Structures are given as structure tokens and as C-alpha cells.
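Open the structure in your viewer and keep the sequence beside it, since the tour moves from one selection to the next. Each stop says what to select and then what can be found there.

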Amino acid sequence: MFTAEDKKFMQRALELAEKGAGFVSPNPLVGAVVVKDGEIVGEGYHARYGESHAEPQAIEEAGRRAQGADLYVNLEPCSHYGNTPPCSLKLINSGISRVLIANQDPNPVVDGSGIEMLKARGIKVESGLLEEEGQKLNEAFFLAQSEGRAFINLKSAQTLDGYLAAPGGDARWITGPEARSYGHRLRHRLDAVMVGIGTVLADNPRLTARDYPGEKSQPARVVLDPQLRFPLEARMLKEQEAGDIFIFIGEKEEILNSEEINSSEEKEYKMQKLGDRKGVSLIELPLNERGYFNPEAVTKILAGLDLISVLLEGGSQINYSFQRAGLIDKYYFFLAPRLMAGSDGVPVFQGPAPGKISRIQNLKIEERRILGEDLLLVAYPGKEEGRS
């Protein structure tokens, strides 16, 4: 049974872990606290990918006081050599007597071996302390390990009646500056921002983290572009010190043989120019009978690129395809106190709706927040009732 003090110290470890958001992926967020006689004597967190882990930092800060102390860490200490030596070995050599863990590490190279190494050396190990909170903190990491795909976060800045833009595509600005700043915070925290080619052509976006204070991590930019309509003069190509660009296109032979949008000569020229450009990658993927990508295949390729947490910013058809595939893992709805008051605006989702209310997606609201005059709702998918 965990005590109130145990929960307090683990909560501190989770707070420390949060400081690495945006800088450590695809590694998980990890924080550690060394406690001696009810007092915190050492703290640490994983600050950047490839750099020191949380446990060694906390132990080094504690120094000799680590002897006989307790260590609280939100993820099982690693047991293998990677960019850094095993954290479990550091714990053993420090004289720590008890380790409390929120979550076992699902990574196959760890997955309980760190716990077993500690127990074998006589260290008491207790796991499951604030387990749900630890799981949520590293939700993208856990999903990537269990399903081999990226965690998809849908971001939608919309009117109260559910529109992203006016009929002609004008969307600047539905929400206010506070909401936009929060959106840039999400870009900083997550690995990539993903849009469809329609958004690129309509808005010419940069897809960077800008309107957010402090040090920023720039996300990779992902564009779903079946027929290679990507403009060579796009603003995102001109951004200095921005994230890499990954453009998903149909298979080369398939799109060159289709003159649905541009001629094969134009497409071949674009392939050459974009392929030669530093920081730009063209990723070929088969199209389905409707000329779209398989959303699950996209998420698995992204995970293979170490882009495990993705901010999906539309447009409507892309949102719909991921929603219908059951691949939106979290929702960020930014609701502006405005009405389009018509039926021909650009909706959040564009495609056939379920025929019955009992078949629509239920959501579990996780957070409600006022941002200036706008309302942010953060939600997870709930159970869909009435499905056979």
C-alpha cells in the first residue's frame, strides 16, 4: 500500500519528467527523486535525447545521502547500454535501498529486466505508484511500443457550429492569440505536425512553433500529398532552422501515369527538385481505390521515423479518414465564440456521417480551459455504443 508521502514524491518525479517535453522523444519523459528520512535530497530528469537520464542525475545530486535512501522514478530504470550506461547499475552502486516506480518500461530491451536486476541485488522494488498518471505522461511512447504506430492528436480551431474555415478556405483567424499560442506549444511538445496538401495550397503554412515563450523544439512537417501537388515555392521550404519535411506521395509509377492534376513531366521535375533538397524526404505509399492513403500505414511509417507523437491539423478529408479509421488518439478542440451560420463552410470532418446517433463517437472530456475568449476541450475517444 502506497502512502500519501509516496504519492507526493512520485508526483514530484512526474513534474520533473514533464520538463523534458519536446526534447527527448522518441525516448520517454522520465523524472526521479531521491528521498532520505522524508526529505528530498536529489532530483533529476531526462532533459534531452542522448543525454543523461533522470536517475543518475538525482543520485549524483544526493551524493552520500543516497546510501539507504528511496528513489522515486516514473519509469522502470533501464538495464542496457545505449547512449548512456544502464541506470539500474547506477542505482545498485549508489546504495539506494528502495525504488518506487510508476510504470514498467514496455520497451522489449528493458520490459522488467531493470526491475529484476535491482531485486537480484537486494533492492526493494515497488511498482504501480500513480501508474495511470505515468501512463498518460508517456502515452505516445507506450502506444508506439505496443502497436508500432504514431499517437495522433487532432487539433481543430473551429466555430461553435463546427467549421474550420469559410467556404473559400479563409481561416485567419477563427480563434484568438491565446489559443494560437497554445497550439504552438503543442507543436513544440510533439514530434511532428501533419496536414493534407489542400491545407498547404490554401494557407501556405510554415508549420513551425513560433508564438510560444521560451526555448522551442521545432516539429517535423508532414504533408499527405497523393498526386504531388506540393508547390516548389511553398513557405515551409524557406524556413530556416525548422523541422524536416516528409511528403507522402503515391507510388512513383502510379502518379506519373496519372495526369489528374499535373502532367507527368511536371511531377517528375518536382520529384527531382524536392528529392535533392536538404531536409525534404519523399515517401512513396500505395493509394487505395479512392486515391487516398491508408491512415494506419501512415502512422506506422511515422513511428519508424521516430515521429511517435503527431499533431494532425487537417484539413477536413484528412481528419475524416483518420477518424473513420479509429486512429485519432486525442482531441484538442479550440472553440471560438463565433458562428459561421451557414451550411457551406469547411467542416472539421468531411465525409458520410453514421446513420444513427447510437453509432457516433463518444468522447471523454479530460480538460476544459478558457484561453482568452476561446474554450479548449481536450478529450480522448470513448466507447462507441450500439456497435454490433
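A residue is called buried here when its relative accessible area is under 20%. With that in mind, select strand β13, residues 330-336, in what is a predicted model: seven of the seven residues of β13 are buried. In a regular strand the side chains alternate between the two faces of the sheet. Show the side chains of β13, and you will find K330, Y332, F334 and A336 pointing one way while Y331, F333 and L335 point the other way, all of them buried.

Next, add the strands to either side of β13. Strand β6, residues 151-159, runs parallel to β13 and is joined to it by seven bridges; along this pairing N153 stands opposite K330, and T159 has A336 as its bridge partner. With β16, by contrast, β13 pairs in the antiparallel sense over five bridges, and there L335 is the bridge partner of L375.

Now widen the selection to the whole sheet, which is open, has nine strands with mixed pairing, and follows the order β11-β10-β9-β8-β12-β6-β13-β16-β15. Its edge strands, each of which pairs on one side only, are β11 (280-284) and β15 (363-371). On average, neighbouring strands of this sheet are turned by 20° against each other, with direction ignored.

Two helices are worth adding to this view. Select helix α6, residues 139-147, which lies across β6, β12, β13 and β16 and runs at about 130° to β6. Then select helix α10, residues 264-275, which packs on the sheet where it touches β10 and β11, its direction making about 130° with that of β11.

From α6, move on to the largest nonpolar core, which has 30 residues; among its members, V34, L71, V73, I96, V99 and L118 touch the most others. Helix α6 supplies the largest share of this core, five residues, and other elements that each supply at least two include β1 (31-36), β3 (70-75) and α4 (113-120). If you centre the view on V99, its contacts beyond four places in sequence include L71, V73, L91 and L118. Apart from this core lies another, of 28 residues, with L154, A220, L287 and V298 among them.

Finally, colour the chain by pLDDT, whose mean is 91, with 96% of the residues reaching 70 or more. Where should you look for the lowest and the highest confidence? The lowest is in helix α9, residues 252-256, at a mean of 76, and the highest is in β12, at 98.

Methods:
Residues numbered from 1 in each chain as written. Predicted model: local features only at pLDDT ≥ 70, side-chain atom pairs only at ≥ 80, totals over all residues. Heavy atoms only, no water. Pairing = 2+ DSSP bridges. Helix = DSSP H or I, 4+ residues; strand = E, 2+ residues; numbered from the N terminus. Axes fitted to C-alpha atoms, helices over the stretch in contact; angles between N-to-C directions. Contact = heavy atoms within 4.5 Å. Core = buried A, V, L, I, M, F, W, Y, C linked by side-chain atoms within 4.5 Å. Buried < 20%, exposed > 50% of the residue type's maximum accessible area, 1.4 Å probe, protein only. pLDDT = per-residue confidence, 0-100.
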